[in-house]
Number of protein chains: 2
Amino acid sequence: METTRTSSRERMIRAAYELFEQRGFEKTTVDDIAARAGVGRTTFFRAFATKEDVIFPDHDSLVASVRERLAAATPSAALVAVTEAARLVLVHYLAESDLARARYRLTSNVPALRAREISGQRQYQRTFLTFIRTWMGDEPGTPLRAELMADAVVTAHNHVLRQWLRGSTTTPEADFDTAMAAVVELFAPRSPASDASETQVVLLRTQRDLDDVLPELKRVLEQG
Amino acid sequence: METTRTSSRERMIRAAYELFEQRGFEKTTVDDIAARAGVGRTTFFRAFATKEDVIFPDHDSLVASVRERLAAATPSAALVAVTEAARLVLVHYLAESDLARARYRLTSNVPALRAREISGQRQYQRTFLTFIRTWMGDEPGTPLRAELMADAVVTAHNHVLRQWLRGSTTTPEADFDTAMAAVVELFAPRSPASDASETQVVLLRTQRDLDDVLPELKRVLEQG
DNA sequence: CTACCTTATGGTACTCAGTACCATTGTGAT
DNA sequence: ATCACAATGGTACTGAGTACCATAAGGTAG
């Protein structure tokens, strides 16, 4: 019965996409989808928890494959693992092509679907985060840094994917490489202070008066 | 009638929080909330579009104030504006204290509310993004960089806020300063190997305008 | 072949969020 | 007093999601 189940599921997905694009998401009821797929309403909700979920059919499996890829990583190759895990998602969407573009059209126009997509992306972020967290230690400052990095990976991926979905690029994988390179470079350790030729001062303050701060600033600058 | 409207709204918010914490979000119906607040069901949906929205009562106004703060920014003080705009949100939550913690408890346990919160955060990200985009030019590579930066600002804010909500820190504003400093430093231009004696100063301040401060700063630097 | 078990499925009935519409009340201005 | 207007409450409806039960299909052990 595996074949029947898969085929039912596929039919429901196809029916949903067609109806959503024709009548719009809100104007389409679950009954409509089920009827067009030739199944009962109950069957729909067994396959998809919500009406929105039918738009992201293999989201869970994708997240799972990312998690597996990360789990299989050597600590020394952590950055490679992150990149390759993210690429996994990208190539999946590239393979879907038409379906991915249809989904993009829908999520662009339907707030409910957009919201769903965003919380889906958050799952990727969480997945990367837990990996990056354990990879980095937990010295002070790193928890935030890990979060920033996890965000950056997901954002970079989405950025490239979105450009491809819009038709703004025909070389998404190459773009992905450069985007990920930018991310990695962003988090690469700064050139050490041992190099005396340069000085960077980052000063963030609110309450204290400027005259209060200037001596400190001057002192720091003189060190460099 | 302004007083009555506000008071109705406040009562509904209070009633909702109480009921959600007692019975849980799903077990509480909108009728329950309306009844406890002493209003009709219709009144509830006039004040809040969805049952989830009552948990984030001043979200829209907060986003608006962020947008206004950013709109009032001088290009030269863009980083200051971003920091201060984010701080606006932080201090709002700090002032709410108990309510913010109750909200945190709810969003931590109720997936629907968590999802709502996330798409709310996305609105902040969008707001910062459009500002940062126009601030940076559109040379190749900057669109992604702008996205990364907008994400980083929101994430840094959330990171600090979350730690305060958990009770992990008692100095959230100071933590916010260092977190934002980390973000700014992350995106600070790399020191090119070309210029041997280079100095970068990033100064972020709240009260006075940066243009006000710059001459003084310049004078000090030349002295040092 | 039969009894049995599992699995996918369909149907029915229910709760409740959200919408549309209409009636009422209170308040201020003229 | 009357008119205008904003806020409110009530009623009825659609549709998502849940719970429960009944049935059919297929496989397996006896």
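**Close-up views of a predicted two-chain model**

**Figure 1. S97(A) sits in the loop between α5 (78-96) and α6 of chain A.** Welcome to the first close-up of this model, which is predicted rather than experimental. The backbone at S97(A) has a phi near 50°, a positive value in a residue that is not glycine. That is worth a second look, because most residues other than glycine have a negative phi. Is S97(A) buried or exposed? S97(A) counts as exposed, since 11 other C-beta atoms lie within 10 Å and the cut-off for exposed is 12 or fewer.

**Figure 2. In chain B, S97(B) lies in the loop between α5 and α6 (98-109).** S97(B) follows α5(B), and its phi is positive, near 50°. Here too, the positive value belongs to a residue other than glycine. S97(B) has 11 C-beta neighbours inside 10 Å and therefore counts as exposed.

**Figure 3. Helix α6 of chain A covers residues 98-109 and has the span expected of its 12 residues.** At 1.5 Å a residue, the helix should reach 16 Å, and the C-alpha atoms at its ends are 17 Å apart, so the two values agree. Look next for the buried residues of α6(A): R103(A), L106(A) and T107(A). These three cover an arc of only 95° around the axis, so they lie on the same side of α6(A). As a reminder, an α-helix has 3.6 residues a turn, so residues three or four places apart point the same way.

**Figure 4. Chain A as a whole contains 10 helices and one strand.** Where does the strand come in the run of elements in chain A? Reading from the N terminus, the order is α-α-α-α-α-α-α-α-α-β-α, with the strand just ahead of the final helix. Chain A has 224 residues, of which 26% count as buried. Among its contacts with a separation of 6 or more, 54% join residues 24 or more positions apart. A loop to find in this view is the one between α1 (2-23) and α2 (30-37) of chain A, which holds G24(A). G24(A) is exposed, because 12 other C-beta atoms lie within 10 Å, right at the limit of 12 or fewer. G24(A) and Y104(A) are 80 residues apart along the chain, and their C-alpha atoms are separated by 14 Å.

**Figure 5. F128(A), V153(A), F128(B) and V153(B) touch the most other members of the largest nonpolar core.** This core has 63 residues. Which residues does F128(A) touch, once those up to four places away in sequence are set aside? They are V82(A), A150(A), V153(A) and V154(A). Another core, of 15 residues, lies apart from the largest one; M12(B), Y17(B), A37(B) and V54(B) are among its members. For background, nonpolar side chains tend to be buried together in soluble globular proteins.

**Figure 6. Helix α2 of chain B (residues 30-37) has I33(B), A34(B) and A37(B) buried.** The three residues span an arc of only 95° around the axis, which means that they are on the same side of α2(B). Just after α2(B) comes G38(B), with a positive phi of about 75°.

**Figure 7. Helices α4 (residues 59-71) and α7 (residues 111-135) of chain B have axes that come within 10 Å and cross at roughly 10°.** That angle makes α4(B) roughly parallel to α7(B), because the cut-off for this label is under 35 degrees. From α4(B), the residues taking part are H59(B), V63(B), V66(B), R67(B) and L70(B). They meet G120(B), Q123(B), Y124(B), T127(B) and F131(B) of α7(B).

**Figure 8. Helix α5 of chain B (residues 78-96) has 19 residues and should span 27 Å at 1.5 Å a residue.** Its end C-alpha atoms are 28 Å apart, so the model agrees with that expectation. The buried residues of α5(B) form an unbroken stretch from L79(B) to R87(B), joined by V89(B) and L90(B).

**Figure 9. V160(B) belongs to helix α8 of chain B, residues 142-165.** V160(B) is buried, as 26 other C-beta atoms lie within 10 Å and 20 or more are enough for that label. Beyond its neighbours within four places in sequence, V160(B) is in contact with L90(B), P172(B), D175(B), F176(B) and A179(B). To follow the helix back, find T142(B): this residue is 18 residues from V160(B) in sequence and 27 Å away, C-alpha to C-alpha.

Technical notes
Residues are numbered from 1 along each chain as its sequence is written. Chains are lettered from A and ligands numbered from 1 in the order in which they are written. This is a predicted model: local features need pLDDT of at least 70, side-chain atom pairs count only at pLDDT 80 or more; totals for chains, interfaces and linings use all residues. A nonpolar core is a set of buried Ala, Val, Leu, Ile, Met, Phe, Trp, Tyr and Cys residues joined through C-beta atoms within 7 Å. Two residues are in contact if their C-beta atoms, placed from the backbone, lie within 7 Å. Helices (H or I, at least four residues) and strands (E, at least two) are DSSP runs, numbered from the N terminus. The expected span of a helix is 1.5 Å times one less than its number of residues. The arc is that of the directions from the helix axis to the C-beta atoms. Axes are lines fitted to C-alpha atoms, for helices over the stretch in contact, and angles run from 0 to 180 degrees between N-to-C directions. Angles under 35 degrees count as roughly parallel, over 145 as roughly antiparallel, 65 to 115 as roughly perpendicular and the rest as oblique.
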